[in-house]
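Q: Please take a close look at the ligand and the protein around it. Start with the chain as a whole, then work through the site and the places that connect to it.

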Amino acid sequence: MNFLITGAAGFLGSALANQLAREGHQVRGLDDLSTGDPQALAPDVHFTRGDVNDRPKLWTLLQEVDCVYHLAARVSVPESILYPREYNAVNVGGTVSLMEAMRDVGVRRVVLASSGAIYGDQKIQPLTEAQPSKPRSPYAVSKLAAEYYIRTIGALWGIETVCLRIFNAYGPGQHLPPSHPPVVPYFLRQALRGGTLVVHSDGQQTRDYVYVDDVTAAMVAAATAPGLNGLVINVGSKTETSVRDLVRLVLEITGSKANVIYNSQTEGGVSRMCADLNLAAEKLNYKPAVPLEEGLRLTLARDPRFKTA
Ligand code: NAD
(Lines give C-alpha, C1' and ligand atoms only; values in the text may rest on other atoms or scores of the structure.)
Protein backbone atom coordinates (compact mmCIF):
# COMPACT_ATOMS: atom_id res chain seq x y z
CA MET A 1 0.00 0.00 0.00
CA ASN A 2 0.94 3.68 -0.36
CA PHE A 3 0.95 5.66 2.88
CA LEU A 4 1.45 9.29 3.83
CA ILE A 5 2.37 9.94 7.47
CA THR A 6 2.17 13.51 8.77
CA GLY A 7 4.46 14.11 11.74
CA ALA A 8 6.60 11.26 10.38
CA ALA A 9 9.84 12.45 11.94
CA GLY A 10 8.36 12.40 15.46
CA PHE A 11 8.43 9.69 18.11
CA LEU A 12 5.36 7.69 17.03
CA GLY A 13 5.51 8.78 13.37
CA SER A 14 9.04 7.46 12.81
CA ALA A 15 8.30 4.16 14.58
CA LEU A 16 5.22 3.71 12.37
CA ALA A 17 6.98 4.78 9.16
CA ASN A 18 9.87 2.38 9.74
CA GLN A 19 7.50 -0.48 10.59
CA LEU A 20 5.42 0.05 7.41
CA ALA A 21 8.58 0.34 5.29
CA ARG A 22 9.90 -2.92 6.82
CA GLU A 23 6.62 -4.57 5.78
CA GLY A 24 7.32 -3.51 2.18
CA HIS A 25 4.87 -0.61 1.86
CA GLN A 26 5.60 2.67 0.07
CA VAL A 27 5.85 5.31 2.80
CA ARG A 28 5.96 9.08 2.41
CA GLY A 29 6.59 11.22 5.45
CA LEU A 30 5.81 14.90 6.02
CA ASP A 31 7.12 16.86 9.00
CA ASP A 32 8.06 20.49 9.61
CA LEU A 33 10.86 19.33 11.95
CA SER A 34 9.66 21.66 14.71
CA THR A 35 10.53 18.81 17.09
CA GLY A 36 11.00 15.80 14.79
CA ASP A 37 14.29 14.32 13.60
CA PRO A 38 14.48 12.94 10.03
CA GLN A 39 17.52 10.82 11.06
CA ALA A 40 15.07 8.56 12.89
CA LEU A 41 13.60 7.48 9.55
CA ALA A 42 14.79 4.44 7.59
CA PRO A 43 16.35 5.32 4.19
CA ASP A 44 13.41 3.85 2.24
CA VAL A 45 10.92 6.29 3.82
CA HIS A 46 10.48 9.21 1.41
CA PHE A 47 10.73 12.26 3.60
CA THR A 48 9.53 15.79 2.77
CA ARG A 49 9.98 18.75 5.05
CA GLY A 50 6.86 20.87 5.19
CA ASP A 51 3.94 22.22 7.14
CA VAL A 52 0.71 20.26 7.46
CA ASN A 53 -1.14 23.48 6.61
CA ASP A 54 0.62 23.68 3.20
CA ARG A 55 -2.14 22.39 0.93
CA PRO A 56 -0.23 22.56 -2.39
CA LYS A 57 2.44 20.35 -0.80
CA LEU A 58 -0.28 18.02 0.49
CA TRP A 59 -1.85 17.79 -2.99
CA THR A 60 1.49 16.58 -4.34
CA LEU A 61 2.22 14.16 -1.50
CA LEU A 62 -1.29 12.67 -1.51
CA GLN A 63 -1.18 11.47 -5.15
CA GLU A 64 -1.70 7.67 -5.29
CA VAL A 65 -1.90 7.41 -1.47
CA ASP A 66 -4.27 4.74 -0.09
CA CYS A 67 -4.24 5.78 3.55
CA VAL A 68 -3.02 8.78 5.55
CA TYR A 69 -1.84 8.64 9.14
CA HIS A 70 -2.29 12.07 10.66
CA LEU A 71 0.15 12.55 13.54
CA ALA A 72 1.53 16.05 12.95
CA ALA A 73 0.69 18.07 16.04
CA ARG A 74 1.95 20.11 18.94
CA VAL A 75 1.87 17.59 21.78
CA SER A 76 2.47 19.21 25.17
CA VAL A 77 -0.47 19.78 27.53
CA PRO A 78 1.31 22.47 29.63
CA GLU A 79 2.62 24.25 26.53
CA SER A 80 -0.90 24.31 25.09
CA ILE A 81 -2.07 26.27 28.13
CA LEU A 82 0.51 28.96 27.30
CA TYR A 83 0.02 28.96 23.51
CA PRO A 84 -3.56 27.90 22.73
CA ARG A 85 -3.65 29.76 19.39
CA GLU A 86 -0.68 27.79 18.14
CA TYR A 87 -2.29 24.51 19.23
CA ASN A 88 -5.47 25.46 17.48
CA ALA A 89 -3.63 26.47 14.29
CA VAL A 90 -1.56 23.28 14.02
CA ASN A 91 -3.75 20.59 15.59
CA VAL A 92 -7.14 21.81 14.39
CA GLY A 93 -6.21 23.96 11.36
CA GLY A 94 -3.72 21.35 10.14
CA THR A 95 -6.37 18.63 10.37
CA VAL A 96 -8.86 20.69 8.37
CA SER A 97 -6.20 21.49 5.73
CA LEU A 98 -5.37 17.80 5.44
CA MET A 99 -9.02 16.75 5.11
CA GLU A 100 -9.62 19.39 2.43
CA ALA A 101 -6.57 18.21 0.50
CA MET A 102 -7.65 14.57 0.89
CA ARG A 103 -11.07 15.47 -0.46
CA ASP A 104 -9.49 17.31 -3.42
CA VAL A 105 -7.17 14.43 -4.31
CA GLY A 106 -9.66 11.65 -3.47
CA VAL A 107 -7.89 9.64 -0.76
CA ARG A 108 -9.84 6.74 0.75
CA ARG A 109 -8.87 6.48 4.42
CA VAL A 110 -7.35 8.51 7.26
CA VAL A 111 -6.23 7.40 10.72
CA LEU A 112 -5.96 10.19 13.31
CA ALA A 113 -3.65 9.98 16.32
CA SER A 114 -6.06 11.35 18.92
CA SER A 115 -5.49 11.26 22.66
CA GLY A 116 -6.80 9.82 25.90
CA ALA A 117 -6.47 13.41 27.19
CA ILE A 118 -9.90 14.20 25.73
CA TYR A 119 -11.56 12.21 28.59
CA GLY A 120 -10.40 14.56 31.38
CA ASP A 121 -11.37 13.66 34.94
CA GLN A 122 -13.80 10.73 35.05
CA LYS A 123 -15.06 8.65 37.94
CA ILE A 124 -15.76 5.60 35.78
CA GLN A 125 -12.61 3.66 34.94
CA PRO A 126 -11.54 2.03 32.69
CA LEU A 127 -12.57 4.71 30.20
CA THR A 128 -14.82 3.62 27.36
CA GLU A 129 -15.17 5.47 24.09
CA ALA A 130 -18.87 6.11 24.87
CA GLN A 131 -18.10 8.25 27.94
CA PRO A 132 -18.64 11.97 27.38
CA SER A 133 -15.34 13.77 26.88
CA LYS A 134 -14.28 16.45 29.36
CA PRO A 135 -11.18 18.09 27.91
CA ARG A 136 -9.18 20.12 30.44
CA SER A 137 -6.54 21.76 28.25
CA PRO A 138 -6.31 23.45 24.84
CA TYR A 139 -4.35 20.37 23.73
CA ALA A 140 -7.26 18.07 24.65
CA VAL A 141 -9.78 20.43 23.02
CA SER A 142 -7.66 20.52 19.85
CA LYS A 143 -7.61 16.71 19.67
CA LEU A 144 -11.36 16.49 20.23
CA ALA A 145 -11.99 19.14 17.56
CA ALA A 146 -9.69 17.23 15.19
CA GLU A 147 -11.73 14.06 15.81
CA TYR A 148 -14.96 15.90 14.98
CA TYR A 149 -13.51 17.53 11.85
CA ILE A 150 -12.10 14.24 10.59
CA ARG A 151 -15.34 12.34 11.15
CA THR A 152 -17.61 15.10 9.83
CA ILE A 153 -15.62 15.97 6.69
CA GLY A 154 -15.00 12.25 6.16
CA ALA A 155 -18.73 11.46 6.29
CA LEU A 156 -19.56 14.36 3.95
CA TRP A 157 -17.04 13.34 1.29
CA GLY A 158 -16.93 9.56 1.63
CA ILE A 159 -13.49 9.36 3.25
CA GLU A 160 -13.15 6.47 5.72
CA THR A 161 -11.98 7.72 9.11
CA VAL A 162 -10.62 6.12 12.26
CA CYS A 163 -9.60 8.05 15.38
CA LEU A 164 -7.26 6.27 17.78
CA ARG A 165 -7.28 7.70 21.30
CA ILE A 166 -3.73 6.92 22.34
CA PHE A 167 -2.96 6.98 26.07
CA ASN A 168 0.53 7.65 27.55
CA ALA A 169 2.83 6.25 24.88
CA TYR A 170 6.51 5.78 25.69
CA GLY A 171 9.55 4.07 24.20
CA PRO A 172 12.84 4.73 22.44
CA GLY A 173 13.07 8.01 20.53
CA GLN A 174 10.46 9.92 22.51
CA HIS A 175 11.17 13.64 22.30
CA LEU A 176 12.69 15.01 25.52
CA PRO A 177 12.31 18.81 25.47
CA PRO A 178 13.98 20.93 28.17
CA SER A 179 10.67 22.10 29.61
CA HIS A 180 7.61 19.97 30.33
CA PRO A 181 9.20 16.68 29.17
CA PRO A 182 7.08 13.52 29.02
CA VAL A 183 7.38 11.67 32.29
CA VAL A 184 8.92 8.33 31.22
CA PRO A 185 12.03 9.59 29.38
CA TYR A 186 12.41 12.37 31.97
CA PHE A 187 12.49 9.92 34.89
CA LEU A 188 14.83 7.54 33.02
CA ARG A 189 17.25 10.34 32.19
CA GLN A 190 17.23 11.76 35.72
CA ALA A 191 17.69 8.32 37.28
CA LEU A 192 20.66 7.54 35.03
CA ARG A 193 22.25 10.94 35.66
CA GLY A 194 21.72 10.70 39.40
CA GLY A 195 19.65 13.88 39.16
CA THR A 196 16.47 14.56 41.11
CA LEU A 197 13.14 13.13 39.94
CA VAL A 198 10.55 15.85 40.49
CA VAL A 199 7.02 14.46 40.72
CA HIS A 200 4.03 16.76 40.27
CA SER A 201 1.67 16.71 43.25
CA ASP A 202 1.71 13.57 45.48
CA GLY A 203 2.32 11.06 42.67
CA GLN A 204 -0.90 9.14 43.44
CA GLN A 205 -2.34 10.11 40.03
CA THR A 206 -2.51 7.13 37.69
CA ARG A 207 -1.81 6.83 33.96
CA ASP A 208 -2.10 4.13 31.32
CA TYR A 209 1.42 3.73 29.87
CA VAL A 210 1.56 1.99 26.52
CA TYR A 211 4.73 0.88 24.75
CA VAL A 212 5.40 2.29 21.27
CA ASP A 213 5.34 -1.13 19.53
CA ASP A 214 1.81 -1.74 20.83
CA VAL A 215 0.68 1.67 19.54
CA THR A 216 2.28 0.94 16.17
CA ALA A 217 0.53 -2.44 15.97
CA ALA A 218 -2.84 -0.74 16.54
CA MET A 219 -2.08 1.92 13.93
CA VAL A 220 -1.02 -0.66 11.34
CA ALA A 221 -4.25 -2.62 11.90
CA ALA A 222 -6.33 0.57 11.60
CA ALA A 223 -5.25 1.04 7.96
CA THR A 224 -6.88 -2.13 6.71
CA ALA A 225 -9.30 -3.63 9.28
CA PRO A 226 -12.92 -3.63 8.03
CA GLY A 227 -15.88 -1.95 9.76
CA LEU A 228 -13.97 0.93 11.35
CA ASN A 229 -15.44 3.88 9.50
CA GLY A 230 -16.32 6.75 11.83
CA LEU A 231 -15.12 5.00 14.98
CA VAL A 232 -13.00 6.31 17.84
CA ILE A 233 -10.97 3.56 19.50
CA ASN A 234 -8.83 3.57 22.65
CA VAL A 235 -5.22 2.41 22.44
CA GLY A 236 -3.61 1.82 25.81
CA SER A 237 -2.42 -0.99 28.06
CA LYS A 238 -5.47 -1.31 30.35
CA THR A 239 -3.04 -1.14 33.26
CA GLU A 240 -3.30 1.75 35.69
CA THR A 241 0.04 2.78 37.17
CA SER A 242 0.54 5.55 39.70
CA VAL A 243 3.37 7.98 39.09
CA ARG A 244 4.84 6.78 42.42
CA ASP A 245 4.94 3.22 41.11
CA LEU A 246 6.50 4.40 37.86
CA VAL A 247 9.26 6.15 39.86
CA ARG A 248 9.83 2.98 41.91
CA LEU A 249 10.13 0.86 38.74
CA VAL A 250 12.50 3.33 37.06
CA LEU A 251 14.79 3.43 40.11
CA GLU A 252 14.73 -0.37 40.37
CA ILE A 253 15.50 -0.99 36.69
CA THR A 254 18.26 1.61 36.48
CA GLY A 255 19.70 0.68 39.90
CA SER A 256 19.66 4.41 40.67
CA LYS A 257 19.68 6.05 44.11
CA ALA A 258 18.49 9.37 42.71
CA ASN A 259 16.44 11.67 44.94
CA VAL A 260 12.70 11.94 44.46
CA ILE A 261 10.86 15.15 45.29
CA TYR A 262 7.08 15.43 45.46
CA ASN A 263 6.16 18.99 44.52
CA SER A 264 2.82 19.86 46.09
CA GLN A 265 2.94 23.26 44.36
CA THR A 266 2.45 21.73 40.91
CA GLU A 267 -0.76 20.20 39.69
CA GLY A 268 -0.68 16.49 38.85
CA GLY A 269 -3.35 16.61 36.13
CA VAL A 270 -6.31 14.24 36.07
CA SER A 271 -6.39 11.80 38.98
CA ARG A 272 -6.92 8.57 37.03
CA MET A 273 -6.47 7.29 33.47
CA CYS A 274 -7.05 3.74 32.34
CA ALA A 275 -8.18 2.68 28.87
CA ASP A 276 -10.92 0.17 28.24
CA LEU A 277 -9.71 -1.91 25.30
CA ASN A 278 -12.77 -4.00 24.38
CA LEU A 279 -13.46 -2.05 21.19
CA ALA A 280 -9.77 -2.16 20.17
CA ALA A 281 -9.73 -5.93 20.74
CA GLU A 282 -12.92 -6.41 18.73
CA LYS A 283 -12.14 -4.08 15.82
CA LEU A 284 -8.35 -4.11 15.59
CA ASN A 285 -7.61 -7.49 17.17
CA TYR A 286 -5.51 -5.39 19.52
CA LYS A 287 -3.88 -6.87 22.59
CA PRO A 288 -1.07 -4.94 24.27
CA ALA A 289 1.96 -7.23 24.41
CA VAL A 290 4.55 -5.24 26.37
CA PRO A 291 4.07 -4.73 30.12
CA LEU A 292 5.49 -1.54 31.65
CA GLU A 293 8.58 -3.08 33.24
CA GLU A 294 9.58 -4.79 30.00
CA GLY A 295 8.85 -1.62 28.01
CA LEU A 296 11.09 0.43 30.29
CA ARG A 297 13.90 -2.12 29.89
CA LEU A 298 13.45 -2.08 26.10
CA THR A 299 13.55 1.72 26.11
CA LEU A 300 16.83 1.70 28.03
CA ALA A 301 18.31 -0.93 25.73
CA ARG A 302 17.17 0.59 22.43
CA ASP A 303 17.50 4.34 22.97
CA PRO A 304 21.12 5.47 22.51
CA ARG A 305 20.53 8.52 24.70
CA PHE A 306 20.10 6.18 27.66
CA LYS A 307 22.86 3.71 26.73
CA THR A 308 25.54 6.37 26.94
CA ALA A 309 24.11 8.28 29.91
P1 NAD B 1 6.11 14.19 18.44
O2 NAD B 1 6.20 15.62 18.88
O3 NAD B 1 7.35 13.38 18.52
O4 NAD B 1 5.53 14.12 16.95
C5 NAD B 1 4.79 15.14 16.35
C6 NAD B 1 5.51 15.52 15.06
O7 NAD B 1 4.74 16.49 14.37
C8 NAD B 1 6.90 16.13 15.29
O9 NAD B 1 7.88 15.42 14.55
C10 NAD B 1 6.76 17.57 14.80
O11 NAD B 1 7.97 18.06 14.21
C12 NAD B 1 5.62 17.44 13.79
N13 NAD B 1 4.89 18.69 13.59
C14 NAD B 1 4.49 19.60 14.53
N15 NAD B 1 3.85 20.63 13.93
C16 NAD B 1 3.85 20.36 12.59
C17 NAD B 1 3.36 21.05 11.45
N18 NAD B 1 2.74 22.24 11.57
N19 NAD B 1 3.53 20.49 10.23
C20 NAD B 1 4.16 19.30 10.09
N21 NAD B 1 4.66 18.60 11.13
C22 NAD B 1 4.50 19.13 12.37
O23 NAD B 1 4.93 13.53 19.29
P24 NAD B 1 4.41 12.02 19.31
O25 NAD B 1 4.42 11.61 20.73
O26 NAD B 1 5.09 11.19 18.29
O27 NAD B 1 2.89 12.23 18.89
C28 NAD B 1 2.42 11.92 17.58
C29 NAD B 1 0.91 12.11 17.55
O30 NAD B 1 0.31 11.21 18.49
C31 NAD B 1 0.45 13.51 17.93
O32 NAD B 1 -0.65 13.84 17.10
C33 NAD B 1 0.01 13.37 19.38
O34 NAD B 1 -0.99 14.30 19.71
C35 NAD B 1 -0.53 11.94 19.36
N36 NAD B 1 -0.51 11.32 20.68
C37 NAD B 1 0.68 11.02 21.29
C38 NAD B 1 0.66 10.43 22.55
C39 NAD B 1 1.93 10.07 23.27
O40 NAD B 1 1.85 9.65 24.43
N41 NAD B 1 3.11 10.16 22.66
C42 NAD B 1 -0.55 10.19 23.20
C43 NAD B 1 -1.73 10.54 22.55
C44 NAD B 1 -1.70 11.09 21.29
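A: A residue counts as buried under 20% relative accessible area, as exposed over 50%, and as partly exposed in between (1.4 Å probe, protein chains only). By that measure, 51% of the 309 residues of the protein chain are buried. This is a predicted model: local features need pLDDT of at least 70, side-chain atom pairs count only at pLDDT 80 or more, and totals for chains, interfaces and linings use all residues. Residues are numbered from 1 along each chain as its sequence is written, and side-chain values use heavy atoms, with hydrogens and water left out.

First, the frame. The protein chain has eleven helices and 13 strands; these are DSSP runs numbered from the N terminus, helices being H or I of at least four residues and strands E of at least two. Its radius of gyration is 19 Å, close to the 19 Å of the globule rule for 309 residues, so the chain is as compact as a globular protein of that length. That radius is taken over C-alpha atoms, and the rule is 2.2 Å times the number of residues to the power 0.38. The C-alpha trace spans about 55 × 40 × 35 Å along its principal axes. The accessible surface is about 13,800 Å², and carbon and sulfur atoms hold 51% of that (Shrake-Rupley method, 1.4 Å probe; for residues, only the protein chains shown count as cover). Contacts (heavy atoms within 4.5 Å) run mainly across the sequence. Of those with a separation of 6 or more, 78% join residues 24 or more positions apart.

Now the ligand. Its shell holds 28 residues, and Leu-12, Asp-31, Leu-71, Tyr-139 and Lys-143 come nearest; a shell residue has a heavy atom within 4 Å of the molecule. By class, 15 are nonpolar, nine polar and four charged. Here Ala, Val, Leu, Ile, Met, Phe, Trp, Tyr, Cys and Pro are nonpolar, Asp, Glu, Lys and Arg charged, and the others, Gly among them, polar.

Backbone atoms meet ligand oxygens. A polar backbone atom of Thr-35 lies 3.1 Å from a ligand oxygen. For Gly-36 the distance is 3.0 Å. For Leu-71 it is 2.8 Å. Taken alone, the ligand exposes 820 Å², and the protein buries 94% of that. Four elements each give two or more residues to the shell: α1 (11-22), β5 (109-115), α5 (138-157) and β7 (168-170). β5 gives the most, with three.

Follow β5 to Ser-115, which lies in that strand. Ser-115 is buried, at 7% relative accessible area. Its side chain reaches the backbone nitrogen of Ala-117 at 2.9 Å, a polar contact (N or O atoms within 3.5 Å; within protein, one must be able to donate a hydrogen and the other to accept it, and residues adjacent in sequence count only if both atoms are side-chain atoms). Beyond its neighbours within four places in sequence, Ser-115 touches Tyr-139, Lys-143, Leu-164, Arg-165 and Ile-166. Tyr-139 and Lys-143 are also among the residues that come nearest the ligand.

Next comes the loop between β5 and α5. Gln-122 sits in that loop. At 9% relative accessibility, Gln-122 is buried. The Gln-122 side chain makes a polar contact with the side chain of Gln-131, at 3.1 Å. Outside four places in sequence, Gln-122 contacts Leu-127, Gln-131, Pro-132, Ser-133 and Lys-134. Pro-126 belongs to the loop between β5 and α5 as well. A cis peptide bond, with omega about -5°, joins Gln-125 to Pro-126.

Most residues other than glycine have a negative phi, and most peptide bonds are trans. Leu-33 has a positive phi of about 60°, in the loop between β2 (26-31) and β3 (46-49).

Last, a helix residue that meets β5. Ala-222 is in helix α7 (residues 212-224). Ala-222 is buried, with 0% relative accessible area. Leaving out neighbours within four places, its contacts are Arg-109, Val-111, Val-162, Leu-164, Leu-228 and Leu-284. Ala-222 and Leu-284 lie 62 residues apart in sequence, yet 6.5 Å apart between C-alpha atoms.
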